[in-house]
Amino acid sequence: MTIDESVRTVADRGRLRWFLIGSVALISFSAFESLAVGTVLPRAAEEFGATAEYSVAFGAAFAAMIVAIAWVGPWVDRSGVKPPLIAGALLFAAGLVIVGAAPGMSVLALGRGVQGLGSGLISVVLYAMVGRLVPPEGRPRVFAAYSTAWVVPSLVGPAIAGLAADTVGWRWVFLGLAGPSLLALVATLRATVGLDESPYRNDDPPDRGLLLAALAAGAGTAVAQFAAPKGGAVFLAIAAAGLAVGLVATRRMLPAGALTARPGIPRLMLANLLTAGAFFAAEIYVPLYLVHIDRLSPFAAGSVMTGAALLWALASQIQARIPPTGPVRDRLPLIGSSLLVVALTAVAASFALDAPWPVIFATWAIGGFGMGLTYPTLSILMLARSADDEQGTNSSALKLSDAVGTALAIACAGAVFAQVLAWGHTGFAVTLLVPLASGLAMVAVASRLTAD
């Protein structure tokens, strides 16, 4: 090895080390925030007297994420990873500060939208950096580290956030993450020093139709999020129009035939969209019920959410031991989505009957187990059924289906919740009919995946 090659090898190792430190930290902070927000926002909504608008704070983040995920790919191709990485981290940190300092729910939702933009940019940029910095033989270890970066926040994040809300106040759950997030950005940027990205540059014009569709989908779902809780015929009509725009735009963003369950990749995309909508639209109401109806503290409510996270992690480990192709793998989405429907039905019944919180803990944990079987399997099947030159495009579409499915389901559930909030625990049960409908549709789609 020559001196130049030796110096280059040392530099590459140092760059990789900084990238791992920074990127794992960024993912960990983003994971902690996304898992903690459901624990502490019930306290914020109660403080602001805006429980009916509770879902807006969640939907705003996903609506913004739709736009960010679609737009950042062409940005990376034309400008390299550094500009969108900086923008993503700064937006994420700025959103944390806005949420932590928010005087009311509208500003809090705005901050969540800014966070969503940042999270969407970061998620895509880090995957691009893996391709540019990490040799193929090292990539499984990097993705394993990213999975671990989600596991720890999943296990302890809700409880820690609840404890913080009970002691120093819910605002510090967000404000306390802003500084560390910027430090993680600095570490990640160290990895870009001297990085030659010229082989990856692509100056071809981006698909303007796709970019406009993403903008329309994000705007449409955002309008629906803000209008639905207002109630009244006019605002509900505006919300319906926003949802219609979102659905039309989604048809343009996803592979042809996705919304009609065409066999193959399109059907997988629809399955992913429905799964995300079923689980995440329901998940936001579980801690709110525990705080608003059962009067649990944020710490206790967060501990209940940890049960679902634990069983999600357990199921993920179980599915990892199943071959990536074959009849057993093909059946996992049906098994997982069926368990999710059982959980949603049981939680809705628990709400309706005003069951004690341990019952909700146990039943919602079943939903986490179902997601642990379903979610990674849909990604594995998508990669297995994609041509080599389509894996990048289909991976991006799968991320978009996550965000779109969640945003649309939250908007619909939020519209229902605003109308039935006065019904108390029964209103929560009625609200869960929206994600339950998404779950039942997922079971129908999953039953046909084995035929593809």
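User: How many helices and how many strands are there in the protein?

Analyst: Good place to start! This is a predicted model, and the strand count in the protein is 0. The number of helices is 16.

User: Why does the protein count as being as compact as a globular protein of that length?

Analyst: Let's compare two values. For 452 residues, the globule rule gives 22 Å. The protein comes close to that, so it is as compact as a globular protein of that length, with a radius of gyration of 21 Å.

User: Is T431 buried or exposed?

Analyst: First find T431 in helix α15, which covers residues 425–431. Leaving out residues up to four places away in sequence, T431 touches Y285, A413, V416, F417 and V420. Buried means under 20% relative accessible area. T431 has 1%, so T431 is buried.

User: Which class does V152 fall into by its relative accessibility?

Analyst: V152 sits in helix α5, residues 139–167. The class between buried and exposed runs from 20% to 50% relative accessible area. V152 has 48%, so its class is partly exposed.

User: Which residues form a nonpolar patch on the surface with V152?

Analyst: Happily, we have already met V152, in helix α5. The patch has about 290 Å² of accessible area together. Alongside V152, its members are V151, V156 and I160.

User: What share of the protein's exposed area do carbon and sulfur atoms supply?

Analyst: Start with the whole protein, where 52% of the 452 residues count as buried. The protein exposes about 18200 Å². Of that area, the share from carbon and sulfur atoms is 68%.

How values were computed:
Residues numbered from 1 in each chain as written. Predicted model: local features only at pLDDT ≥ 70, side-chain atom pairs only at ≥ 80, totals over all residues. Heavy atoms only, no water. Patch = residues over 30% accessible without salt bridge, like charges linked within 9 Å, V, L, I, M, F, W, Y side chains within 5 Å. Areas by Shrake-Rupley, 256 points an atom, 1.4 Å probe, with all protein chains shown as cover. Salt bridge = Lys/Arg side-chain N within 4 Å of Asp/Glu carboxyl O. Helix = DSSP H or I, 4+ residues; strand = E, 2+ residues; numbered from the N terminus. Buried < 20%, exposed > 50% of the residue type's maximum accessible area, 1.4 Å probe, protein only. Contact = heavy atoms within 4.5 Å. Rg over C-alpha atoms; globule rule 2.2 N^0.38 Å.
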